Amino acid sequence: MKPKTSFLLLFAVFGIGLFALNLKVFPLGVDYHYFFYRALEEWRQGHPIYTLDYEYYNPPWTLLFLEIFAWLGKKGGQAGLLLLTFAILLQSWQRFSTNGYSKAWSLAIILFNLHLVDLWLRGQIDGIILGGVLLMYVGLRRSNAYLLGAGWTLALIRPTSIYLIGIYSIWLAYQQKQLWKALIIPVTTLIL
């Protein structure tokens, strides 16, 4: 079996188990239940999300992204978010890690730490932000302005987490003469 095929098979088996575990065993995440899913329900009913009785800080396109998981229900949506976070973590590990012993150690550090457990149990969206950083990296490496713009859009869900790398990526896009083309997706998303 090819290494890529075995990696995909391992992810599929582990991912289905993780999805089922989150759906049946894990409690409903506090942040997902009280902030993200609640704001999504209010938004579906036509209420303005920034004037609710609790404070919603994320940009509106976060709700568009979470709408993808909403058809799974509250618990299923959180399980889908968990699976997406896991997939983005593995893809980031594969992209950024080096070969040798450090590759195995870095995977162990990524998967077995309390911060990751906290993200999963609370139902956080930090995996989506990491996906934005990964898209920014791939877009810059391939000189693909559209991937870079999509990365900026996802990473701007929480701008305080990526402002230094965001400014650096803007500078690199300017040097590659791709800045205006890369701004198409974020500006279009902001207008919508």
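Visitor: Which helix gives the most residues to the lining of the largest cavity?

Guide: That is H4, with 4 residues. Bear in mind that we are looking at a predicted model. H4, H6 and H7 are the elements that give two or more residues to that lining.

Visitor: What makes this space a cavity?

Guide: A cavity is a set of points where a 1.4 Å probe fits but cannot get out. A search of the whole structure finds 1 cavity of 30 Å³ or more, and the largest cavity holds about 60 Å³ of space. Its lining includes Gln 78, Leu 81, Leu 82 and Thr 85, along with Leu 119 and Trp 120.

Visitor: How do you know which classes of residue line the largest cavity?

Guide: Each lining residue is sorted by type, with Gly counted as polar. The result is 4 nonpolar, 5 polar and 1 charged.

Visitor: Why is the largest pocket called a pocket?

Guide: The word pocket is used because the set of points is open, with protein on both sides within 12 Å along at least five of seven lines. About 230 Å³ of space lies in the largest pocket. Of its 13 lining residues, Leu 89, His 115, Leu 119, Asp 126 and Leu 130 are the closest to its centre.

Visitor: Which helix gives the most to the lining of the largest pocket?

Guide: H7 does, with 4 residues. Helix H4 (73-96), helix H6 (114-122) and helix H7 (126-141) each supply at least two.

Visitor: What makes a group of residues a nonpolar core?

Guide: The members must be buried residues of certain kinds, such as Leu, Ile, Trp and Tyr, joined through side-chain atoms within 4.5 Å. The largest such core has 31 residues, and Tyr 56, Leu 81 and Trp 152 are among those with the most contacts inside it. A second, separate core has 7 residues, including Leu 18, Leu 82, Phe 86 and Leu 89.

Visitor: Why is H8 described as largely enclosed by the rest of the structure?

Guide: Buried means under 20% relative accessible area. In H8, 8 of the 11 residues are buried, so the helix is largely enclosed by the rest of the structure. Among these buried residues are Leu 148, Gly 149 and Trp 152. The buried residues of H8 pack against H3, H7, helix H9 (163-175), H10 and helix H11 (184-191).

Visitor: What caps the N-terminal end of H8?

Guide: Asn 144 does, through a side-chain oxygen that lies 3.0 Å from the backbone nitrogen of Tyr 146. A polar contact needs a pair of N or O atoms within 3.5 Å, so this distance falls inside the cut-off.

Note on methods: Residues numbered from 1 in each chain as written. Predicted model: local features only at pLDDT ≥ 70, side-chain atom pairs only at ≥ 80, totals over all residues. Heavy atoms only, no water. 1 Å grid on protein atoms, 1.4 Å probe; cavity = no way out; pocket = protein on both sides within 12 Å on 5 of 7 lines; lining within 4 Å. Points joined across faces, edges and corners; volume = space filled by probe spheres on them. Buried < 20%, exposed > 50% of the residue type's maximum accessible area, 1.4 Å probe, protein only. Contact = heavy atoms within 4.5 Å. Polar contact = N/O pair within 3.5 Å; in protein donor to acceptor, adjacent residues only side chain to side chain.
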